[in-house]
Amino acid sequence: MDKLILVAGGGGFIGGALVAKLRELGHTRIRSVDIKPTSEWYQVFDDVENVVADLKEKAACEAACRDAHEVYNLAADMGGMGFIENNKALCMLSVLINTHLLQAAQQAGTVNRFFYASSACVYNADKQTNEDVVALKEEDAYPAMPEDGYGWEKLFCERMCRHFREDYGLTTRVARFHNVYGPLGTWDGGREKAPAAMCRKVITAKETGNHDMEIWGDGKQTRSFMYIDDCIEGILKITHSDILEPINLGSNELVTINGLVDIVENIADIKLDRHYKLDAPKGVNGRNSDNTMIKELLGWEPGIRLADGMKLTYDWIHGEYLKKHGSGVAG
Ligand code: NAD
Ligand code: GDD
């Protein structure tokens, strides 16, 4: 019989895409768990065991891990800068999810792979003060000075994975995602990240005829953005690898936020009047992924070009916008 795979956070953006991929690969026993009602999941499949539960609770984690052979922890209370800067305590409470999932996975006795989704937000802030960045290497997480709230929780959970591996023999794997984007993810409501936010703002301008566009910060801050398909491929490769320590999973195609807006304007064939909101949540000035380690250990790195991934993302968000607001109405 096919082995049971648990996807925690399966109602979310990355969790939903992982469930879809596992089905595509032929897995027949998948359990997808999320706190949201299934009506709010990005992807729901009838042939998957869909469970609504709060994984901050130990009992829910025990039930979720029962008979599981692989566990993917993609459940967290998180979002883009607008969310994590204003919800530090909430972000830190996700520590309960990983704590109880690790304990439940270890106690289940059947789990031979445990994947944890960490973040580039674990990296030391001193290494990210300049837009003109030196890409972040795995060793740059220490000495520790991560993003307040969310980043500390991620760094702590990385360590917990390491110690469950060393002390209890649970086979844990950890990837540090750099800003992930794509269709079937959050594009409005306050938790969205820059790629989805830029698509929504440009689409709103196009549909309403109001060509003013607000951009947080001065637009010169830099980031790299990874398309969802690369993220899922990387998760599966890292989970089944021998890589013991946390590793970058991100694109190294560096872009300014202004450059990201240029890409979206080109897709939409429009030029907007940009206004910069300097007191908005900004995060670090510059961040990029150094992919030396992943190339060396896996012979692979995320390679989908930003302009290509953004076109697919824009088209999907445009469809969602029209479903929600119709054409020509403010959103
Ligand atoms: P998401 O918000 O779309 O998905 C997370 C899911 O976890 C949501 O569906 C949410 O309802 C669920 N969840 C939250 N609390 C829960 C609980 N108590 N019990 C059960 N489910 C719960 O976010 P995502 O982009 O899919 O992120 C997945 C993982 O990857 C998270 O751990 C996130 O921190 C990490 N990550 C994402 C990015 C990114 O750019 N998307 C970057 C770095 C790290
Ligand atoms: N979200 C958002 N919305 N960001 C905007 C906007 C907007 O309308 N306008 C400009 N920005 C700027 C932000 O101020 C920030 O400087 C940059 O775009 C990127 O913002 P986000 O995409 O929200 O987040 P991030 O890259 O700083 O951090 C994200 O990635 C991490 C992993 O690399 C977050 O999602 C973290 O949760 C994640 O771990």
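Helices here are DSSP runs of H or I with at least four residues, and strands are runs of E with at least two, both numbered from the N terminus. With that in hand, we can find our way around this structure. It is a predicted model, in which local features need a pLDDT of at least 70, side-chain atom pairs count only at pLDDT 80 or more, and totals for chains, interfaces and linings use all residues. Residues are numbered from 1 along each chain as its sequence is written, while chains are lettered from A and ligands numbered from 1 in the order in which they are written.

## Three unusual backbone spots

Most residues other than glycine have a negative phi, and most peptide bonds are trans. Against that background, a few places are worth a look. Asp269 sits in the loop between α9 (257-268) and β13 (273-277), and its phi is positive, near 55°. Is Asp269 buried or exposed? It counts as exposed because it has 7 C-beta neighbours inside 10 Å. The cut-offs are these: a residue is buried if 20 or more other C-beta atoms lie within 10 Å of its own, exposed if 12 or fewer, and partly exposed in between, with C-beta atoms placed from the backbone.

Leu184 also has a positive phi, about 60°, without being a glycine. You will find Leu184 in the loop between β7 (180-181) and α7. Its 18 C-beta neighbours inside 10 Å are why Leu184 counts as partly exposed.

The third spot concerns a peptide bond: the one joining Tyr142 and Pro143 is cis, with omega about 0°. Pro143 belongs to the loop between β5 and α6.

## Two helices

The expected span of a helix is 1.5 Å times one less than its number of residues. Helix α1 has 12 residues, so it should span 16 Å, and the 17 Å between its end C-alpha atoms agrees. Helix α5 (residues 95-108) has 14 residues and reaches 20 Å from first to last C-alpha, close to the expected 20 Å.

In α1, the buried residues are Phe13, Ile14, Gly15, Gly16, Ala17, Leu18, Val19 and Leu22. They pack against several elements, including β1, β2 (30-34) and α8 (228-239). In α5, the buried residues are Ile97, Asn98, His100, Leu101, Leu102, Ala104 and Ala105. Their packing partners are β1 (4-8), α2 (58-65), β4 (68-73), β5 (113-119) and α6 (150-168). An α-helix has 3.6 residues a turn, so residues three or four places apart point the same way.

What follows each helix? Just after α1, Gly26 takes a positive phi of about 100°. After α5 comes Gly109, with a positive phi near 80°.

## Two domains

Domain bounds come from an automatic or database domain assignment. For the protein chain, this gives domain 1 (4-180 + 225-249) and domain 2 (186-224 + 255-284 + 305-325). Taken over C-alpha atoms, the centres of the two domains are 26 Å apart. Two residues are in contact if their C-beta atoms, placed from the backbone, lie within 7 Å. In this sense, 15 residues of domain 1 touch 20 residues of domain 2. On the domain 1 side, α3 gives the largest share, three residues.

The UniProt record (an unreviewed entry) places the feature "domain: NAD-dependent epimerase/dehydratase" at residues 5-241. UniProt positions follow the numbering used here, feature names are shortened, and annotations may be inferred rather than shown by experiment. That span is 38% helix and 19% strand, and its end C-alpha atoms lie 17 Å apart.

## Around the ligands

A residue is near a molecule if its C-beta atom, placed from the backbone, lies within 6 Å of it. The classes in the table work like this: Ala, Val, Leu, Ile, Met, Phe, Trp, Tyr, Cys and Pro are nonpolar, Asp, Glu, Lys and Arg are charged, and the others, Gly among them, are polar.

| Shell | Nonpolar | Polar | Charged |
|---|---|---|---|
| Ligand 1 | 12 residues | seven residues | six residues |
| Ligand 2 | 14 residues | eight residues | four residues |

Which residues come closest to ligand 1? Of the 25 that surround it, they are Gly9, Gly12, Ile14, Leu55 and Ala76. Helix α1 (13-24) and strand β5 each give two or more residues to this shell, and α1 provides the largest share, three.

Around ligand 2 there are 26 residues, with Gly80, Ser119, Lys193, Ala197 and Gly283 coming nearest. The elements giving two or more residues here are α3 (81-84), α7 (194-208) and β8 (212-216). The shell around ligand 2 draws at least three residues from each of domain 1 and domain 2.
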